Amino acid sequence: MTQTLGPVMLDLEGTQLRDEERALLARPAVGGVILFGRNVEDAAQVRELCRSIRQVRPELLLAIDQEGGRVQRLREGVTRLPAMGRLGREHKAAPEVARRLCQDAGWLLGMEMAACGLDLSFAPVLDVDDGQSTVIGDRSFGADPEVVTRLAGAFVEGLHEAGMAAVGKHFPGHGGVVADSHHELPVDERSFEALRERDLVPFAGLSARLGGVMPAHVVYSAFDHRPAGFSPAWLGMLRESLGFKGTIFSDDLSMAGATSAGAPAERARQALEAGCDMLLVCNDRAAALEVVEACEGRTTKRAAKLRYGRARPDLDALGALSRWRRVHAHLEAMAAD
């Protein structure tokens, strides 16, 4: 019988688990924890924090945003990763070298995060960079959707080699809007045909290989008046037309781009009814408590399948692996450029 999890993923206040957080994590509606920079000192401390969380609930899904570049929560005791746009620029001069490097980067990231006790990183970014979105920018592999698909696909392959699922974001594409959905609700007025020919290409090409997808808090007004994460039309298309069978994670329901859906419990209801499996509620404990209360009795089977299933690598022994040493040196040099 497939294990189930509660549908709420929430955050913690500091680098150690507090008594009130232990009580919160014990609630059945909670299915996961996401770590932010405030929860992180170094790799050994993250490993200990994950261990303490699993003492409360061994089955919880533990995640982090560890993309590389400016979005890398854990920096000490692991490899400093360049932004994926930096790897994308390598493709212009040496396409096959860049593809192999992306695969190696995915493998290294997966090995390091697994060694720290985490189940997944919310990566890779599948947005196509149109030169408009500062919140995406060099987080994207580049401006060519076919190149993004190829390099992100190699990154996903590397994650799989390390035993880790990949989570593509931000469906159906955040790269074509100027506004930052952390602070306001962006509206993309392009036609569905324009989105299909460009932004949707990486999601269509990789949907069968992704364990998770995170939709954008963006309204695509030619297709639906609701943000993608609250849209049965968009999430239904992801399932039906693109054949995606994995977990749909809402983006953070506390972001400004989500507030148009109403109070926290109403946001949760709309996201679940649209097709999300797991809801992120971060940086707002009152909202998280409201969502946990509203989600009591709900479960998801899909998210439970994303738990890291192999024997975890030994954090202190990664340096003995020749592949890790080679890739670590290469990526650290690129990150320092």
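Which elements cover the buried residues of helix 3? The cover includes strand 4 (66–68), helix 4 (95–115), helix 5 (145–161) and helix 11 (322–335). This is a predicted model. The protein has eleven helices and twelve strands. Its radius of gyration is 19 Å, close to the 20 Å that the globule rule gives for 337 residues, so the protein is as compact as a globular protein of that length.

**Overall build**

- The C-alpha trace spans about 50 × 50 × 35 Å along its principal axes.
- Buried residues make up 60% of the 337 in the protein.
- Take the contacts between residues at least 6 apart in sequence: 78% of these join residues at least 24 apart.
- The accessible surface is about 12,800 Å². Carbon and sulfur atoms account for 49% of that surface.
- There are 40 positive and 47 negative side chains. The centres of the two sets lie 5 Å apart.

**The five-strand sheet**

- One open sheet has five strands in the order 6-3-2-1-12, with parallel pairing.
- Its edge strands are strand 6 (120–121) and strand 12 (279–281), and each pairs on one side only.
- Strands of a sheet pair through backbone hydrogen bonds, either parallel or antiparallel.
- Strand 1 (residues 8–10) runs parallel to strand 12, and three bridges join the two. Within this pairing, L10 has V281 of strand 12 as its bridge partner.
- Strand 2 and strand 3 are also a parallel pair, held over four bridges. Here G32 stands opposite L61 of strand 3.
- In a regular strand the side chains alternate between the two faces of the sheet.
- Strand 3 (residues 61–64) sends L61 and A63 one way, and L62 and I64 the other way. All four of these residues, L61, L62, A63 and I64, are buried.

**L35, a buried residue of strand 2**

- L35 belongs to strand 2 (residues 30–35).
- Is L35 buried or exposed? Its relative accessibility is 1%, so L35 counts as buried; the cut-off for buried is under 20%.
- Beyond residues up to four places away in sequence, L35 touches L12, V46, L49, C50, A63, I64, D65, R73 and L118. Among these partners, A63 and I64 lie in strand 3.
- L35 and E332 are 297 residues apart in sequence. In space, their C-alpha atoms are 23 Å apart.

**The three-strand sheet**

- A second open sheet has three strands in the order 7-9-11, again with parallel pairing.
- Why is one side of strand 7 and of strand 11 left without a neighbour in the sheet? Strand 7 (167–171) and strand 11 (247–248) stand at the edges, and each has a single partner strand, so one side of each is left without a neighbour.
- Strand 7 and strand 9 pair in the parallel sense, over four bridges. K169 stands opposite M214 of strand 9.
- Strand 9 (residues 212–215) and strand 11 are likewise parallel, over two bridges. G212 stands opposite T247 of strand 11.
- G212 and M214 point one way from strand 9, while V213 and P215 point the other way. G212, V213, M214 and P215 are all buried.

**Helix 3 and R86**

- Helix 3 covers residues 84–93. Its buried residues are M84, G85, R86, L87, G88 and H91.
- An α-helix has 3.6 residues a turn, so residues three or four places apart point the same way.
- R86 of helix 3 has a relative accessibility of 18%, so R86 counts as buried; buried means under 20%.
- Which residues does R86 contact, leaving aside its neighbours within four places in sequence? R86 is in contact with M334 and D337.
- Helix 11 (322–335) is one of the elements that cover the buried residues of helix 3.

Note on methods: Residues are numbered from 1 along each chain as its sequence is written. This is a predicted model: local features need pLDDT of at least 70, side-chain atom pairs count only at pLDDT 80 or more; totals for chains, interfaces and linings use all residues. Side-chain values use heavy atoms; hydrogens and water are left out. The radius of gyration is taken over C-alpha atoms; the globule rule is 2.2 Å times the number of residues to the power 0.38. Buried means under 20% relative accessible area, exposed over 50%, partly exposed in between (1.4 Å probe, protein chains only). Contact means heavy atoms within 4.5 Å. Accessible areas come from the Shrake-Rupley method with a 1.4 Å probe; for residues, only the protein chains shown count as cover. Lys and Arg count as positive and Asp and Glu as negative; His and the chain ends are not counted. The place of a charge is taken as NZ of Lys, CZ of Arg, CG of Asp or CD of Glu. Two strands pair if DSSP finds at least two bridges between them.
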